[in-house]
Amino acid sequence: MDKRTVLAVAISIIILLAYQFFFAPAPMPVAQDNSATLSKEKDNVASKSEVKTISNITTKSKSIEVEKVSNGFVEIYFDKHSGNINKVSVVKYLDKKLPIVTFKNDNDNYMKVLDGYGDNYSMEIKEIDGKKIVIFSALQNNIGITKTYTIGKEGYLIDLNLKVSNNSDQTIKLDGSIDIGPGFGEGFEKSSYIFEGPIIYNGEKREEVAPGKVKDTVKLDAPKWIGYTTKYYLFAAIDGNLELGKIEKMGESAIVKGVKQIILNPKSTSDTKFNIYVGPKEYDLLKSFNLGLENSIDFGWFKFLAVPMLKFMLFIYSFTKNYGVAIIILTIIVKLLTYPLTIKSMTSMKKMQQIQPKLMEIKEKFKNDPQKMNTAMMELYRKHGVNPMGGCLPMIIQIPIFFALYKALLVSVELKGSPFIFWITDLSDKDPYYITPIIMGITMFIQQKMTPSTMDPMQQKIFLMMPVIFTFLFLNFPSGLVIYWLTNNILSIIQQYYINKKLT
């Protein structure tokens with residue numbers, strides 16, 4: 001990688017990280033404030049004067065009392081009185097020994113379904129074919145509500161069936177909603193470079209805003225799912241034919257809410273089915289549900305490159321059984337694919353260095369005549385077969401590849417808890433002894449000394465600070481990213497050595 005390449009990549013990375021950390025704007029809220037309403041079915045024909053709006057059946061009076069139900073992958077703590085989910089812990093991901101993470105709200109239930117319509121539910125737990133079925137039932141003022149949760153034998157997907165019955169002689173309307181949040185909980189790894197917080201997705205568009213930055217309500221019509229996302233984990237409520245998704249400020253944080261109005265004629269029943277996902281953001285796993293949950297993973301601007309790179313790394317891992325080795329092999333393959341561009345850039349820089357003395361002569365000779373200076377310089381470039389932009393254009397083409405691979409490794413939950421060799425026991429965590437970032441900085445310095453330069457001495461001294469800056473920048477980066485960059489530097493040194501020998 002020549003100096004222009006390194007400088008451009010360095011500046012691009014610093015700008016990207018600084019933008020994400022300091023300036024990434026919260027999504028703009030939708031200006032309109034139209035409440036979505038459910039179309040009445042043919043048998044639900046009633047004039048507005050005949051419809052009784054049920055805003056609240058009873059005020060909450062009982063304290064929260066929880067019952068834990070587990071399938072070995074997740075532990076769900078249900079509020080026995082309201083039928084809501086108090087908290088959920090993810091206790092298993094593959095066979096890795098990872099810290100337990102818990103989505104919870106210290107002061108209230110984390111996920112609420114039809115909250116405010118009673119807290120006198122009865123609770124029943126059944127087990128059928130290895131599946132655990134938790135049923136909450138309540139009947140008050142002729143309104144029956146049943147919440148049925150089905151937890152599979154394994155995995156992170158929970159089915160929820162919400163049944164509302166109108167046993168009265170009058171058509172009723174309930175302002176139904178499902179609320180998640182506020183906040184994350186405990187045990188989660190925080191990241192300044194990845195979005196974390198409430199999120200809504202409608203199949204085409206995604207709305208998200210950092211919890212502490214919510215001012216006005218953010219809305220999105222017809223959401224496919226709503227939830228809370230962290231770097232590696234997701235809590236989402238899916239489908240349910242929700243009409244509107246909202247992100248609302250709550251205290252110093254925010255909740256995400258799905259809204260659906262339920263209108264029932266006398267002696268009629270409504271059934272709403274949800275899926276609830278609480279688990280790791282593993283791309284293939286989320287994709288397999290065909291629910292769009294994979295859109296919760298923040299691959300950045302170059303997702304179209306990052307996803308294939310991630311999938312190819314997983315393919316390599318299926319043979320190596322070591323993600324560190326897979327990263328090295330992937331880096332080598334990417335380097336081979338970009339080899340023609342890299343060689344063209346390096347060769348152009350070497351030729352530019354060779355004709356630099358003649359360029360200086362031309363500049364001195366025609367310093368008072370810019371037109372003749374440009375003509376003479378272009379003739380010199382033509383004579384030696386040099387394209388002054390030849391060192392930059394190939395590099396610009398490669399920048400998206402570098403960023404895509406960087407992002408793919410940064411968000412990959414597969415690296416979480418995955419060892420490489422010796423002291424590197426978790427590729428998603430920093431090198432505990434800072435050995436790899438220091439070696440990376442040394443290789444970057446060697447690379448700079450080997451790379452042809454057309455800079456003046458002062459510029460060269462300033463440029464020599466880049467390895468130091470990058471070393472400090474990478475000290476706390478995931479070791480998987482450092483291994484990628486270190487491997488890339490070593491390959492660049494080999495390529496530069498070859499070019500220097502060839503053109504000497």
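This note goes through helices, a cavity, loops and backbone exceptions in a predicted model.

1. **Helix 9.** Helix 9 runs over residues 435-450. Its 16 residues should span 22 Å at 1.5 Å a residue, and the end C-alpha atoms lie 23 Å apart, which agrees. The buried residues are T436, P437, M440, G441, T443, M444, Q447 and Q448. They cover an arc of only 165° around the axis, so they sit on the same side of helix 9. The spacing has a plain reason. An α-helix has 3.6 residues a turn, so residues three or four places apart point the same way.

2. **Helix 11.** What is buried in helix 11, residues 466-474? The buried residues there are M466, P467, F470, T471 and F474. Their arc around the axis is only 135°, which puts them on the same side of helix 11.

3. **Helix 3.** Helix 3 covers residues 303-320. For its 18 residues, 1.5 Å a residue gives an expected span of 26 Å; the end C-alpha atoms are 25 Å apart, which agrees. Its buried residues are A306, V307, M309, L310, M313, L314 and I316.

4. **The end of helix 3.** K321 comes just after helix 3 and takes a positive phi of about 60°. N322 is in the loop between helix 3 and helix 4, the latter being residues 323-337. Is N322 buried or exposed? Its relative accessibility is 16%, so N322 counts as buried; the cut-off for buried is under 20%. N322 also has a partner distant in sequence: P419 is 97 residues away along the chain, yet the two C-alpha atoms are separated by 7.4 Å.

5. **Cavities.** A search of the whole structure gives eight cavities of 30 Å³ or more. The largest has a volume of about 90 Å³. Its lining consists of V113, L114, L162, G176, S177, I178, L242, G258, K260, I262, T272 and F274. Three elements give two or more residues to that lining: strand 11 (171-180), strand 19 (253-264) and strand 20 (269-280).

6. **Character of the lining.** How do the residues lining the largest cavity divide? Seven are nonpolar, four are polar and one is charged. The charged one is K260, because Lys counts as charged. Anyone placing probes or water in this cavity has the lining list above to start from.

7. **The loop after strand 11.** P182, G183 and F184 belong to the loop between strand 11 and strand 12. Strand 12 is residues 185-186. The peptide bond joining G181 and P182 is cis, with omega about 0°. G183 has 15% relative accessibility, so it counts as buried. F184 is buried too, with a relative accessible area of 14%.

8. **Long-range neighbours of that loop.** Which distances go with G183 and F184? G183 and S253 are 70 residues apart in sequence, and their C-alpha atoms are 6.1 Å apart in space. F184 and Y110 are 74 residues apart in sequence and 9.1 Å apart in space, again C-alpha to C-alpha.

9. **Positive phi at L94 and N290.** Neither residue is a glycine. L94 has a positive phi of about 55°. L94 is in the loop between strand 4 and strand 5, the latter being residues 101-104. At 44% relative accessibility, L94 counts as partly exposed. N290 has a phi near 60°. N290 lies in the loop between helix 2 (283-288) and helix 3. N290 is exposed, with a relative accessible area of 70%.

10. **S89 in strand 4.** S89 is part of strand 4, residues 85-90. S89 is buried, at 5% relative accessible area. What joins the side chains of S89 and T102? A polar contact of 2.7 Å does.

Methods:
Residues numbered from 1 in each chain as written. Predicted model: local features only at pLDDT ≥ 70, side-chain atom pairs only at ≥ 80, totals over all residues. Heavy atoms only, no water. Helix = DSSP H or I, 4+ residues; strand = E, 2+ residues; numbered from the N terminus. Expected span 1.5 Å × (residues − 1). Buried < 20%, exposed > 50% of the residue type's maximum accessible area, 1.4 Å probe, protein only. Arc of directions from axis to C-beta. 1 Å grid on protein atoms, 1.4 Å probe; cavity = no way out; pocket = protein on both sides within 12 Å on 5 of 7 lines; lining within 4 Å. Points joined across faces, edges and corners; volume = space filled by probe spheres on them. Polar contact = N/O pair within 3.5 Å; in protein donor to acceptor, adjacent residues only side chain to side chain.
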